[in-house]
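Q: Could you take a close look at one part of this protein for me, the enclosed space inside it, and then show me how the charged side chains pair up elsewhere? I work at the bench, so a plain walk-through would suit me well.

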Amino acid sequence: MVSLDPRTKFSNADFPKQEQAVPGLQKNLNPKPDCGETSYIGYGRLKGLKMLVTGGDSAIGRAAAIAYAKEGADVAINYLPSEQEDAEEVKEVIASAGQKAVLIPGDLRNEQFNYELVERAYHALGGLDNVTLVAGHQQYRNTLKDFDTTSFAETFETNVYPIFWTVQKAIDYLEPGATITTTSSVQGYNPSPILHDYAASKAAIISLTKSLSEELGAKGIRVNCVAPGPFWSPLQISGGQPQSKIPTFGQKEVLGRAGQPVELAGVYVHLAADESSYTTGQVYGVTGGTQLD
């Protein structure tokens with residue numbers, strides 16, 4: 001098998017300007033991200049496992065959910081009710097891989113829902129071996145004065161608080177050998193001034209990953225984190241980036257293009273699989289070249 005040039009494995013052409021209301025639908029994104037629907041090939045590395053993925057309807061969460069299924073796992077995905085169309089597409093892909101798909105819509109900003117989410121996933125799947133936390137909220141502001149308390153709170157309530165709530169409930173069911181995978185960002189290391197709140201929330205996730213790994217390692221539960229760079233997703237065109245930056249999104253990276261969600265799938269699988277059994281408290285950067293420092 002010949003290795004592909006990473007600079008041209010996926011398109012490095014300009015993206016068309018486009019805008020959607022929050023949270024955005026992958027179904028209406030142009031071009032549609034590659035989340036591994038046909039491109040990801042599984043090898044049974046997660047056979048028989050039960051996985052819960054937040055933000056599993058689109059982009060990175062979708063790619064993780066699809067990869068898990070193609071590796072032999074049953075998967076429950078969480079998403080907002082307005083993202084039902086995207087979630088139904090994921091369910092079809094998981095079912096076509098011969099695995100069980102459970103759809104659990106709901107807003108992670110609601111504390112009680114997080115506890116119910118874990119409970120429902122556990123009972124619907126008949127167990128729980130991994131919790132993958134991807135769901136996130138990102139809205140740019142031009143200047144510091146443009147940020148407000150309400151939007152700042154919404155970012156943390158979506159990106160950070162659910163990690164506490166979901167993990168607190170999940171440890172009632174996770175057994176030794178189970179894994180938790182959080183999702184940070186290159187912004188957690190190299191923050192942009194138009195994303196003060198988002199970047200701060202992603203830095204908090206890195207810290208949480210490390211502290212959780214310290215406590216839960218004693219229970220045989222591994223906790224790791226994935227830190228993506230610029231990946232093409234509905235997040236970007238629903239207020240995550242200024243419209244002026246959409247066409248050349250990701251082109252400043254060393255590899256000259258934005259990432260496609262399927263390029264993260266293998267990292268999520270690796271961290272959930274037994275092959276990474278001596279890995280915990282780590283942050284895996286997948287950034288197209290930007291250094292995490």
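**The cavity and the salt bridges**

A: Happy to. By class, the lining of the largest cavity is made of seven nonpolar and four polar residues, with no charged residues. Please keep in mind that this is a predicted model.

Let's stay with that space for a moment. Searching the whole structure turns up one cavity of 30 Å³ or more. The volume of the largest cavity is about 70 Å³. Its lining is formed by Thr54, Leu108, Leu133, Val134, Ala135, Thr158, Asn159, Pro162, Ile163, Thr183 and Ile205. Two elements give two or more residues to this lining, namely helix 4 (149-159) and helix 5 (161-170). If you have the model open, Thr158 and Pro162 are among the lining residues to pick out.

Now for the charged side chains. Side chains of opposite charge can pair when their charged atoms come close. The structure holds 12 salt bridges, and a few of them are worth visiting in turn.

A good one to begin with joins Arg109 and Glu154, whose side chains meet at 3.0 Å, N to O. Arg109 sits in the loop between strand 3 (101-105) and helix 3 (111-125), while Glu154 belongs to helix 4, so this pair ties together parts that lie 45 residues apart in sequence. Helix 4 is therefore an element you have already met, as one that gives two or more residues to the cavity lining. How open are the two partners? Arg109 has a relative accessible area of 36% and is partly exposed. Glu154, at 24% relative accessibility, also counts as partly exposed.

Next, look at Arg7 and Asp5, which form a salt bridge with their closest N and O atoms 2.6 Å apart. Arg7 is partly exposed, at 48% relative accessibility. Asp5 is partly exposed too, with a relative accessible area of 30%.

A further pair is Lys169 with Asp172, where the closest N and O atoms of the salt bridge are 3.6 Å apart. Here Asp172 is exposed, because its relative accessible area of 52% falls on the far side of the cut-off, which is over 50%.

Finally, some salt bridges share partners: Glu37, Arg62 and Glu89 are joined in this way into one network.

To put the two parts side by side, the lining of the largest cavity has no charged residues, and the salt bridge of Arg109 and Glu154 involves helix 4, one of the elements that give two or more residues to that lining.

Key
Residues numbered from 1 in each chain as written. Predicted model: local features only at pLDDT ≥ 70, side-chain atom pairs only at ≥ 80, totals over all residues. Heavy atoms only, no water. 1 Å grid on protein atoms, 1.4 Å probe; cavity = no way out; pocket = protein on both sides within 12 Å on 5 of 7 lines; lining within 4 Å. Points joined across faces, edges and corners; volume = space filled by probe spheres on them. Helix = DSSP H or I, 4+ residues; strand = E, 2+ residues; numbered from the N terminus. Nonpolar A, V, L, I, M, F, W, Y, C, P; charged D, E, K, R; others polar. Salt bridge = Lys/Arg side-chain N within 4 Å of Asp/Glu carboxyl O. Buried < 20%, exposed > 50% of the residue type's maximum accessible area, 1.4 Å probe, protein only.
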